[in-house]
Amino acid sequence: MLCEKCGISISENETFCAKCEKNMQARRNKLSAANRSADSRQFYAHSGKIAPQLVLGVPILLIISTLLAFAYAYSVIYIPFVGYLSFLLTLGFALGVGFCTAIVLQFFKTRNSLFAFCFGLGAGIFALYAAWVTFEYVLLNRYSSEGVELWRLAFNPPGVWRVACLVAEKGWYSIRNTTPTGAVLWSFWGVEACVVVGISAYMSHSFIKDSVFCEACKGWTEDHKNKLTFEFADESELKEKLTNQDLSFLENIIKVKRTQESFYRIDCSVCSTCDNLYTLSLLRVNRTWDKEGKETEKTKAILKNLFISKETFEQLTGKKKAPKVEETVE
């Protein structure tokens with residue numbers, strides 16, 4: 001356990017920190033209560049809590065999304081060959097909004113996956129609207145003799161819709177002497193909307209869902225990816241052994257070859273603050289290669305965030321040898 005005040009390691013038998021003399025008994029009792037609650041479940045699950053401080057993150061996210069929208073809209077209009085690059089620009093914009101939204105949710109310690117999805121959905125819709133406002137503002141001021149004020153357009157959703165209808169009617173760019181208009185252009189914009197809003201919601205939900213939070217320390221755990229890769233014949237047996245924290249199978253595992261198509265991988269999460277929370281995830285990895293030899297990996301979770309002991313973690317990471325299997329003589 002680490003001292004909250006000075007950060008040095010405290011053994012289980014010490015009541016006071018040797019450096020700052022802070023009484024550690026209250027913290028030790030708090031961690032023990034948290035661990036007893038965790039031990040009553042086999043797998044980690046979010047508490048569903050939403051920090052009130054998240055309201056501070058909303059204006060931050062709005063500013064970031066607006067800046068990304070400006071960059072996206074200007075790029076769409078001013079970069080040459082925009083018709084060919086539109087999807088890449090849209091994808092980059094969507095990933096930027098989704099990543100920033102997920103970071104804000106994690107920074108303000110949101111532990112509710114459903115809320116994260118809805119929050120990401122709202123962030124994506126706002127970013128899409130901001131991009132449309134900026135796009136129409138730049139387009140009108142570039143090609144129209146009558147300028148338009150950005151703030152007037154931003155606070156006039158019906159006006160934004162009317163301008164979009166006019167642009168769809170006449171089109172605004174050409175590909176191979178063809179100008180997309182009407183239903184074709186609307187379909188492109190529909191795909192754009194789905195990509196931006198969908199990716200933002202998915203990334204926000206995924207970042208939170210796949211993370212582990214230590215309620216005792218009020219912080220996210222550290223991820224330890226690829227702690228162990230191996231082959232194993234019977235998946236059901238492997239799953240049962242890991243659930244029971246029986247690591248006797250480690251003596252007989254087969255190392256993964258470079259050309260192996262299917263194998264297993266173990267990831268762990270650790271709270272480095274209290275050193276009392278450890279989880280394990282077992283994934284099945286399938287590898288494929290295309291004609292050019294490019295490798296692609298797909299993973300499927302077999303066990304997700306199983307609570308394990310510190311001793312089990314050390315055995316998996318090689319810091320401590322796994323116990324040998326005792327043969328029973330009948």
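Let's start with Asp 275: in this predicted model, its relative accessibility is 26%, so it counts as partly exposed. Asp 275 lies in the loop that links β4 (262–270) and β5 (278–289). Its phi is positive, at about 60°, even though Asp 275 is not a glycine. From there, here's a quick tour of the rest.

**Another positive phi**

- Asn 305 isn't a glycine either, and its phi is also positive, near 55°.
- You'll find Asn 305 in a strand, namely β6 (residues 295–307).
- Asn 305 has a relative accessible area of 5%, and the cut-off for buried is under 20%, so Asn 305 is buried.

**The protein overall**

- If you're counting elements, the protein has 9 helices and 6 strands.
- There are 330 residues in the protein, and 38% of them are buried.
- The exposed surface comes to about 19500 Å², with 57% of it supplied by carbon and sulfur atoms.
- Take the contacts between residues at least 6 apart in sequence: 66% of these join residues at least 24 apart.

**Helix α2**

- Helix α2 covers residues 54–78, which is 25 residues.
- At 1.5 Å a residue, α2 should span 36 Å, and its end C-alpha atoms are indeed 36 Å apart, so the two values agree.
- Several α2 residues are buried, including Leu 54, Gly 57, Leu 61 and Ser 65 towards the start of the list.
- Also buried in α2 are Ala 69, Tyr 72, Ala 73, Val 76 and Ile 77.

**Where α6 meets α7**

- Two packed helices can be described by the angle between their axes and the distance between those axes.
- Helix α6 takes in residues 157–170 and helix α7 residues 182–209; their axes come within 9 Å and cross at roughly 125°.
- That crossing makes α6 oblique to α7, because angles from 65 to 115 degrees count as roughly perpendicular and those over 145 as roughly antiparallel.
- On the α6 side, the residues in contact are Trp 161, Ala 164, Cys 165, Val 167 and Ala 168.
- On the α7 side, they meet Gly 182, Leu 185, Trp 186 and Trp 189.
- Sorted by class, this α6–α7 contact has 8 nonpolar residues, 1 polar residue and no charged ones.
- The polar one is Gly 182, because Gly counts as polar here.

Technical notes:
Residues are numbered from 1 along each chain as its sequence is written. This is a predicted model: local features need pLDDT of at least 70, side-chain atom pairs count only at pLDDT 80 or more; totals for chains, interfaces and linings use all residues. Side-chain values use heavy atoms; hydrogens and water are left out. Axes are lines fitted to C-alpha atoms, for helices over the stretch in contact, and angles run from 0 to 180 degrees between N-to-C directions. Helices (H or I, at least four residues) and strands (E, at least two) are DSSP runs, numbered from the N terminus. Angles under 35 degrees count as roughly parallel, over 145 as roughly antiparallel, 65 to 115 as roughly perpendicular and the rest as oblique. Contact means heavy atoms within 4.5 Å. Buried means under 20% relative accessible area, exposed over 50%, partly exposed in between (1.4 Å probe, protein chains only). The expected span of a helix is 1.5 Å times one less than its number of residues. Accessible areas come from the Shrake-Rupley method with a 1.4 Å probe; for residues, only the protein chains shown count as cover.
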